[in-house]
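Open the model in your viewer and keep the selection panel at hand. The tour moves from one selection to the next.

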Amino acid sequence: MVQRRASKLGLKKGFTCFCSKMTMKPSSNIWIRRQQCPCGDWKCYVKYEGDDQTSVSSQLRKNETTSTPSSLDAVFMPYVGQIFKTDDDAFEYYSNFARKNGFSIRKARSTESQNLGIYRRDFVCYRSGFNQPRKKANVEHPRDRKSVRCGCDAKLYLTKEIISGVTQWYVSQFSNVHNHELLEDDQVRLLPAYRKIQEADQERILLLSKAGFPVNRIVKVLELEKGVQPGQLPFIEKDVRNFVRTCKKTVQENDALLTEKRENDTLELLEACKAMAERDADFVYDYTTDENNKVENISWSYADSVRAYTVFGDVVTFDTTYRSITYGLLLGAWFGIDNHGKPVFLGCVLLQDESLNSFAWALQTFLRFMRGRYPQTILTDIDSNLRDAIARELPNTKHVICSWHVLSKLSSWFSLSLGSQFEDFKADFDMLYHLEGIEEFEHQWNHFVARFGLASDKHIALLFSYRSSWPLSYIRGYFLARSMTAEFYQSLDAFLKRILRGQTCLQLFFEQVGIAADLRNQSREWLQYMHIKTCLPIEENARSIFTPYAFNVLQHEIVLSMQYATTEMANGSYIVRHYKKMDCEYLVIWVSQDEQIHCSCKEFEHSGILCRHCLRVLTMKNYFEIPEKYALFRWRLESSLVPVEDQNAQCNSDECAQAFHSLAATLLTESLFTKERFSHVHQELIRLLDHVRDMPISKDFVSNTAANISET
């Protein structure tokens, strides 16, 4: 039955958007970022910093034309004999010239031959020719539309020629003589050729129209959101009205087709899951059906993902950033963070809606896939239904709102209302986020809200209602394993974009996810040389057991620990202070019997890596190794999912380093004698470094180099 339905839809595979008849070509990608604001107001939406969809007026001005401002500035008057690679290039050039000079153009006649195909193109002024009288419709009051055509003779004719097998187009005729008045800049932008509704604006218009907003109100809302003066949008009210009318007609025409496509592709996805389970007994999936026995929600995971969860399932990120308009599905993707600080895929779910029950089913299914093991912490976006589902299904799991989800919404929420104060707002918000004490946070929050006059703002109220889940003062004691760092977020975002890019159906999406989740497709981690900075035995010990990622984090703390002074208390605890910032102190509790150490900064509880304050006390107590209980398995080399290359090459790397240090010291001494020597050495070193970086990496490089060094 599935095969029959698929063939029935075969001729319609290209259908990806219910607005396919729009003047704006729809994206072929079925996944877009969720724009609905978590505040609960369906009229409110979020634009993300860094996306192509931006609301600033400067970007709006850039989008008013199909070319960049720099191309407009570089356009000169066309001339006979001017050559273009393609006729489209010529049309774009002439269009930019026309825009700059107060008119627009259109394509007129084209001439075709059997040998050359189309060999002539005529582009003319939009007022060229005369309006042909039409037969009046048999209506009581026919509309008498006045034509803008007045016989203008401005034109540009192109002719194709082939020289040495290369096709090019040259201007055979050109005239810039107009018999009408040319328009000023503020008028020419209103010509139909230059009025464009960008894709982001199309989505917003549809949402407002669906909510019952009349067209004139939609235009006013867009002007307010974009911060432009009335009448300064790159389109007019008439364009919005036509767009909405076309959309409604298109929706009616394609509604049945879209429903059938959704059902067909979802069934294909289910069949793909069944086929995968037959090939791989460790592949797991589950789904629900509605009252009509149609697939509603579906979730799946892989053997590698389940294995990864046993090591890195302590902290889980549940990303719900993307959804599909084509299928009406929300994508939820589960990630862990591995011992190299990279995202590891754990599973995904497609949900028909964002209700409490749907999220609860997703959580239940994921836990069943992972054999009933609960994560210590789960990180998500702001969502009231998801929050309630987590509280119900994961009662002992700490729930944290990812900081990047909070920060990415600030611009949409506050930039327009605060205007020039927004930069100060962001700086103060960052200070609040990093405060250490809960009482201090709540006290400073009240001052912060009063300073910017946001006491009645719904988004400020939303943030405060979630305060137990996002400021560091509340979540400092939660174990996050460094999953809220900027570098992890960038890696996760890149992972998602990689599996979602160019996907036009669920079957392709399923295949792409399977490839990304397969650890055999992951690049092997090379053991980077980890240079010793302090010569402390505890640093040498850490280098031998941690991955380069974890060691670099710990090494940073070891280096900084040397800047702290300790004062022993009567009860055996220690006050640790920075030698310059004596007003900032941390309490380190040391229990010698159990070799337990705790710091008031709670860094170890937060990341699983000892803080500088604890390391200072351990060093003072003559500890030459990291205590076993503080070298978590999740950060060790042996916990790597993908084999680490050259694990035994560290000692050879030390020999290489010693050899290079000796050469570098001699080179530095010799180069400091004269300015000319130093300049020459500096230039040669830069050239050498660039050359070395371009060389391919060989597995045997370190070991062979070490062997050569020992022979010399």
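Begin with the largest cavity of this predicted model. Its volume is about 40 Å³. A search of the whole structure finds seven cavities of 30 Å³ or more.

To see the walls of the largest cavity, select Ile-597, His-598, Cys-599, Lys-602, Glu-603, Phe-604, Glu-605, Cys-611, Cys-614 and Tyr-630. Which elements give two or more residues to this lining? They are strand S19 (596-599) and helix H21 (603-607). Now colour the lining by residue class. Six residues are nonpolar, one is polar and three are charged.

Next, select residues 586-622. UniProt lists this range as "domain: SWIM-type", in an unreviewed entry. Over residues 586-622 the chain is 38% helix and 27% strand. Put a distance label on the end C-alpha atoms: they are 20 Å apart.

Step back along the chain to strand S16 (residues 564-568) and strand S17 (residues 574-578). The two run antiparallel and are joined by five bridges. Pick Ala-565 in this pair; Arg-577 in S17 stands opposite. S16 and S17 form a hairpin, with five residues between them. In the turn, click on Gly-572, which has a positive phi of about 90°.

Now go to the open sheet of five strands. What is the strand order? Reading across, it is S2-S6-S5-S4-S3, and the pairing is antiparallel. The edges are strand S2 (83-84) and strand S3 (105-113), each of which pairs on one side only.

Start at the S2 edge. S2 pairs with strand S6 (residues 166-175) in the antiparallel sense, over two bridges. Show Phe-84 and Trp-169 together: Trp-169, in S6, stands opposite Phe-84.

Cross to the other edge. Here S3 and S4 pair in the antiparallel sense over seven bridges. Select Ile-105 and look for its bridge partner in S4, Cys-125. S3 and S4 also form a hairpin, with three residues between them.

Finally, add helix H4 (residues 87-100) to the view. Which strands does H4 lie across? They are S2, S3, strand S4 (117-125), strand S5 (155-163) and S6. Turn the view to compare the directions of H4 and S3: the helix runs at about 155° to that strand.

How values were computed: Residues are numbered from 1 along each chain as its sequence is written. This is a predicted model: local features need pLDDT of at least 70, side-chain atom pairs count only at pLDDT 80 or more; totals for chains, interfaces and linings use all residues. Side-chain values use heavy atoms; hydrogens and water are left out. On a 1 Å grid over the protein atoms alone, a cavity is a set of points where a 1.4 Å probe fits but cannot get out, and a pocket is an open set with protein on both sides within 12 Å along at least five of seven lines; lining residues have an atom within 4 Å of a point. Grid points are joined across faces, edges and corners, and a volume is the space filled by probe spheres set on the points. Helices (H or I, at least four residues) and strands (E, at least two) are DSSP runs, numbered from the N terminus. Ala, Val, Leu, Ile, Met, Phe, Trp, Tyr, Cys and Pro count as nonpolar, Asp, Glu, Lys and Arg as charged, and the others, Gly among them, as polar. UniProt positions are given in the numbering used here, feature names are shortened, and annotations may be inferred rather than shown by experiment. Two strands pair if DSSP finds at least two bridges between them. Contact means heavy atoms within 4.5 Å. Axes are lines fitted to C-alpha atoms, for helices over the stretch in contact, and angles run from 0 to 180 degrees between N-to-C directions.
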